[in-house]
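Subject: Structure handover

Hello,

Here is the structure for you to look over. Please open it first, then read the notes below.

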Amino acid sequence: MHTSPGILLLLVACSWCVHAVLALSAEEQAQAVLTCLPDSCINHRTTWQHMLDDVPSCIAGSRVWWSEHAAKLPVTLVTQLSVDRIPALKAQCAAWAGPLAAVVYQPLHNPGQAGNVQLSSVNRQKLQTAIALIEELFRSAEADAAKSAASQGGPAASRPGSCQLRVLLAHEVFAEERATTLYPVNALRNYARLLADTPLVANIDVDMLPSASLSKALAEGWDSTSDAAASGSKSGAPGSASSLLSLMSEKEAVVVIPAFETLCGGPAYADELSVAGKQQLSEAIDKECLQPFRNKVAPACHNVTDFARWFGMREEGGGTVKEYAVQYQNEFEPWFISKRAATQWYDVRYRGYGKNKIQQVAHTAGRGAVFHVHPTGFLVHRPHPESAARKTFLRVKFKSRKDASLLSGSLYEHVEALWAQHLPDIRAGSFEPMVDAGLSKCVRELAWWGGGRRDGTQEGGRVTQGLRVTPASE
């Protein structure tokens, strides 16, 4: 992949842009991401001790795919996943009408003596297999997006099945097999957000399906050539992108997307409910086939959403349909829509499992953001096998009650210690999340993050102020 010469600098007076930016093709954007990332981490192999010492991962970029199709919504869904979850990414793309930015992660156990290590043939094959799987998905997504764009009978963004996909295949090299369970979830969330270039983002886990009603609401009245939409001076229909931008222009705010999980029917049933309305959701709850996410095991995580109020806002009849504010409470961890440049970065010290999303939500609240709830859109969890990281974390959590020796040097002990250490600063609004040097470098360099502006400034630095930037393992 080569960067085309003579990139034209433009001042774009449209809803997608507020500063001078580089007019880049899809190929050039993909190349820009690969250029700012390390292409090898063979000399920065991760160990279990690195996690205990809070040393960030070295995340290398293998390849980037970038849709040629224009974004149909001003909201990019950003997500991350391991290679085995690619079928979930396919389902998520089929359920979303706008741009979708994903980081697919491949851990590589590559032991050997420091300074004399090359990537093994087995690991090179793993990367080639991942490339082939993503390539197949990408081609399918591009074909679906082309069909959607060519179809008649209404705006393509009002229907699912036309996501505009962009994917980074990233890998991390490990010196120890035990450490391969330390999935760097927060680092990957940050890198997925790097791929977004729309005013708004929704950082959603790959096992969550966005409803068709969410895409439809966000597209309502949206005009990508309207300056009013960009400034948020015109409120638009409730739940629309214009309405959300207007809300966020008045105060620091995020918009929660209500989340549900199925109790029967498997992935196919989740797919079915993602295109349903509130009435069908209510009926599924009555049949005990659906419930608010984690309603029984951890109700504090989502009940702040106020599902009774949300269901009272019916598409036809019922209460007035509009965004409504809710009060943040401890342990609340919703998925939400937020301003791309103003969203708090995830702290990379939280990896594997435990407190990774709670940390970022609490930090968002600590910085003074007001939480609102989207009136019509929702998410449905698509069931999947339990991850190795979660199994390891919970095994120590519960078994250590009888055998405290299990705590020593464990991921669970480390995460709980981090949370206890960080919580006072998070609540005081003075917390500084740690990010890796690769992320900071990309933010400074990528054009859609303000890097390399025509006036010679580096606006990318604005979104990294207050961050602790730490080099990867040596």
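One sheet to start with. It is an open sheet of four strands, in the order β8-β15-β10-β11, and its pairing is mixed. Its edges are β8 (208-210) and β11 (290-292), each of which pairs on one side only. Ignoring direction, neighbouring strands of this sheet are turned by 30° against each other on average. Bear in mind throughout that this is a predicted model.

Inside that sheet, look at β10 (residues 259-262) and β15 (residues 379-381). These two strands run parallel and are joined by three bridges. As a landmark, F260 has V380 in β15 as its bridge partner. Helix α10 (residues 278-286) packs on the sheet and touches β10 and β11. The direction of α10 makes about 105° with that of β11.

Now the other sheet. An open sheet of nine strands runs in the order β3-β6-β5-β4-β7-β13-β9-β14-β12. Here, too, the pairing is mixed. The edge strands are β3 and β12 (324-326), and each pairs on one side only. From one strand to the next, the twist averages 25°.

At the β3 end, the neighbour is β6 (residues 164-174). β3 and β6 pair in the antiparallel sense, over six bridges. One point to find by eye: G61 has A170 in β6 as its bridge partner.

Which helices go with this sheet? Two to look at are α5 and α8. Helix α5 lies across β4 (75-82), β5 (99-109), β6 and β7. It runs at about 145° to β4. Helix α8 (residues 241-250) packs on the sheet and touches β7, β9 (253-257), β13 and β14 (370-373). The direction of α8 makes about 140° with that of β9.

Next, the cavities. The structure holds three of 30 Å³ or more. I describe two of them here.

The largest cavity holds about 80 Å³ of space. Its lining is made up of H50, M51, D54, V55, P56, S57, P184, A187, V348, R349, R351 and H414. By class, those residues divide into six nonpolar, three polar and three charged. Among the charged residues in the lining are D54, R349 and R351.

D54 deserves a second look. It sits in the loop between α2 (48-52) and β3 (60-66). It has a positive phi of about 60°, although it is not a glycine. Most residues other than glycine have a negative phi. So D54 combines two features: a place in the lining of the largest cavity and a positive phi.

K355 is another non-glycine residue with a positive phi, of about 65°. K355 lies in the loop between β13 and α12 (356-366).

The second largest cavity has a volume of about 60 Å³. What lines it? The residues are V78, N190, R193, V201, N203, F336, S338, T343, Q344, W345, Y346 and Q360. Three elements each supply at least two residues of this lining: α5 (185-194), β7 (200-203) and β13 (335-339). That ties the cavity to the nine-stranded sheet, whose order includes β7 and β13, and to α5, which lies across β7. By class, the lining of the second largest cavity has five nonpolar, six polar and one charged residues.

Last, the disulfides. How many are there? The count comes to four. One of them is formed by C36 and C442, with their sulfur atoms 2.0 Å apart. The link of C36 and C442 is right-handed, with 95° about the S-S bond. This pair links distant parts of the chain, 406 residues apart. C36 is in helix α1 (residues 26-36), and C442 is in helix α15 (residues 437-445).

If you want places to begin, try the pair F260 and V380 for the four-stranded sheet, G61 and A170 for the pairing of β3 with β6, and D54 for the lining of the largest cavity.

Best wishes

Conventions
Residues numbered from 1 in each chain as written. Predicted model: local features only at pLDDT ≥ 70, side-chain atom pairs only at ≥ 80, totals over all residues. Heavy atoms only, no water. 1 Å grid on protein atoms, 1.4 Å probe; cavity = no way out; pocket = protein on both sides within 12 Å on 5 of 7 lines; lining within 4 Å. Points joined across faces, edges and corners; volume = space filled by probe spheres on them. Pairing = 2+ DSSP bridges. Axes fitted to C-alpha atoms, helices over the stretch in contact; angles between N-to-C directions. Contact = heavy atoms within 4.5 Å. Disulfide = S-S within 2.5 Å.
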